[in-house]
Amino acid sequence: MKSFRASAGAGEIDPEVAWKAVASRDAEARFFYGVMTTGVYCRPSCSSRRPLRKNVRFYATPDEAERDGLRACLRCDPKAERRADPAAAEIQDAVRFLEEHSGEAPSLGELARRSGLSAAYFQKTFRRLVGLSPKQYLDSVRMRKLKAGLAAGKDVTETIYASGYGSASRVYERAGSELGMTPAQYRAGGRGVSITYAEVASPLGRMMLGATSRGLCFLQFGESDADLLSKLRKEYPLAGLEPMAEPRHPDFDGWIEALNGYLAGIRTSLDLPLDVRGTAFQMRVWKYLQSIPYGEARSYSEVAAGIGEPKAVRAVATACARNTVGVLIPCHRVIRSNGELGGYRWGLERKRVLIDTERAGRPA
Ligand SMILES: [Zn+2]
């Protein structure tokens, strides 16, 4: 079994090795990783969704992570001491086995036999070290795989079986408490993710940013913080919403500075990580919008033609109106063929300012 141990001093963590440990949820890894988009730090073994590599930083101790403005994850409790246990290696091995073989639903007896421990001792030690019984852990792995499969838009029935559920009815029994919705509904609009948000001032008025561990999922303008929070809730009714802790992480403040520079016409490009989800059609439209150069505009019909659906002009307009990350997916660069502005989710006045700012700042 390969394991990772951070060497004695801070700053000696090899980011490549550390990232591998995070990706494989290495239970033996003795360091911590922080996710810049959410302001949370975790143990590598944390069961939360894997963040994007570029949003992650590594720390030798919880103190270091907290000095960097991060707070401890509630799920993996990185500050809790973990005493070495004589059976730790066996239990870690069992955890990995469960992750890889959740579809086969190994029984407690099988797991104990594999580890060479008695069933009772295995069960007790597993619970002490992992915080869940083997059965509960197996359930959580399957539920995680099910959610991931559904969120990726995979076939419902296939995903149910691939996740290790013997029948659809078993999933539907649990859907109420775990998914909050039936699998089909989850695939259609459910999120089940944690979103950290912050409100800031911008040249276009109050602005709210929301981020998952993978990137920004919400950038909208509103009249007040309460108005923005209700918009966020409406957009992600099932997500866990949490205000970003103060003081905010320096990376986040860096984003805001870049964004405000962009909105003021001082910068002409932005490279912030995004985590948006939509229908396949919406994703095609949004991707196309990101290819429209700074300072330029396209008509709704040009966008429709650009994605190979020349008749879908109205659907393109709807996809623009459903954009959840303003500015970063530049739906303001789409106007009517006759030069009129058309609509804008955050008001025509803002669209006009954005277009004028870009035209003035367009590279010659
Ligand atoms: Zn965690």
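**Close-up 1. Gly-116 and the end of helix α4.** Just after α4, Gly-116 adopts a positive phi of about 75 degrees. This is a predicted model, as are the views that follow. Helix α4 itself spans residues 108-115, and its buried residues include Leu-111, Ala-112 and Ser-115. Those three cover an arc of only 95 degrees around the axis, which puts them on the same side of α4.

**Close-up 2. Helix α10 and its buried side.** Here we look at α10, residues 225-235, where the buried residues are Leu-228, Leu-229 and Leu-232. Because the arc they cover around the axis is only 100 degrees, these leucines sit on the same side of α10. Turn to the face pointing away from that buried side and you will find the exposed residues Ala-226 and Lys-234. And what covers the buried residues? Strands do part of the job: the cover includes β5 (194-200), β6 (206-211), β7 (216-222) and β8 (240-243).

**Close-up 3. Gln-220, a buried polar side chain in strand β7.** Gln-220 belongs to strand β7, one of the strands that cover the buried residues of α10. Is Gln-220 buried or exposed? With a relative accessible area of 1%, Gln-220 is buried, since the cut-off for that label is under 20%. Its side chain has polar contacts to look at, too. One, at 3.4 Å, is with the side chain of Glu-235. Another, at 3.2 Å, links the side chains of Gln-220 and Trp-346. Setting aside neighbours within four places in sequence, the residues in contact with Gln-220 are Arg-206, Met-207, Met-208, Leu-228, Lys-231, Glu-235, Asn-323, Thr-324, Arg-345 and Trp-346. Among them you will recognise Leu-228, one of the buried residues of α10.

**Close-up 4. Helices α12 and α14 where they cross.** The axes of α12 (residues 280-290) and α14 (residues 313-321) come within 9 Å of each other and cross at roughly 80 degrees. That makes the two helices roughly perpendicular. On the α12 side, the contact is made by Phe-281, Gln-282, Val-285, Trp-286 and Leu-289. From α14 come Ala-315, Val-316, Ala-319 and Cys-320. Sorted by type, the residues of this contact are eight nonpolar, one polar and no charged.

**Close-up 5. The cis peptide bond before Pro-247.** Which residues does the cis peptide bond join? The partners are Glu-246 and Pro-247, and omega is about -5 degrees. As for the setting, Pro-247 lies in the loop that runs between β8 and α11 (250-263). Strand β8 may be familiar from the view of α10, as part of what covers the buried residues of that helix.

**Close-up 6. Arg-25 in a loop, with positive phi.** The loop between α1 (15-23) and β1 (32-35) holds Arg-25. Phi of Arg-25 is near 50 degrees, a positive value in a residue other than glycine. Arg-25 is also buried, at a relative accessible area of 17%, where the label calls for under 20%.

**Close-up 7. Val-327, beyond helix α14.** Val-327 is found in the loop between α14 and β10 (334-335). Its phi is near 65 degrees, again a positive value in a residue other than glycine. How exposed or buried is Val-327? The relative accessible area is 2%, so Val-327 counts as buried.

Notes:
Residues numbered from 1 in each chain as written. Predicted model: local features only at pLDDT ≥ 70, side-chain atom pairs only at ≥ 80, totals over all residues. Heavy atoms only, no water. Axes fitted to C-alpha atoms, helices over the stretch in contact; angles between N-to-C directions. Helix = DSSP H or I, 4+ residues; strand = E, 2+ residues; numbered from the N terminus. Parallel < 35°, antiparallel > 145°, perpendicular 65-115°, else oblique. Contact = heavy atoms within 4.5 Å. Nonpolar A, V, L, I, M, F, W, Y, C, P; charged D, E, K, R; others polar. Buried < 20%, exposed > 50% of the residue type's maximum accessible area, 1.4 Å probe, protein only. Arc of directions from axis to C-beta. Polar contact = N/O pair within 3.5 Å; in protein donor to acceptor, adjacent residues only side chain to side chain.
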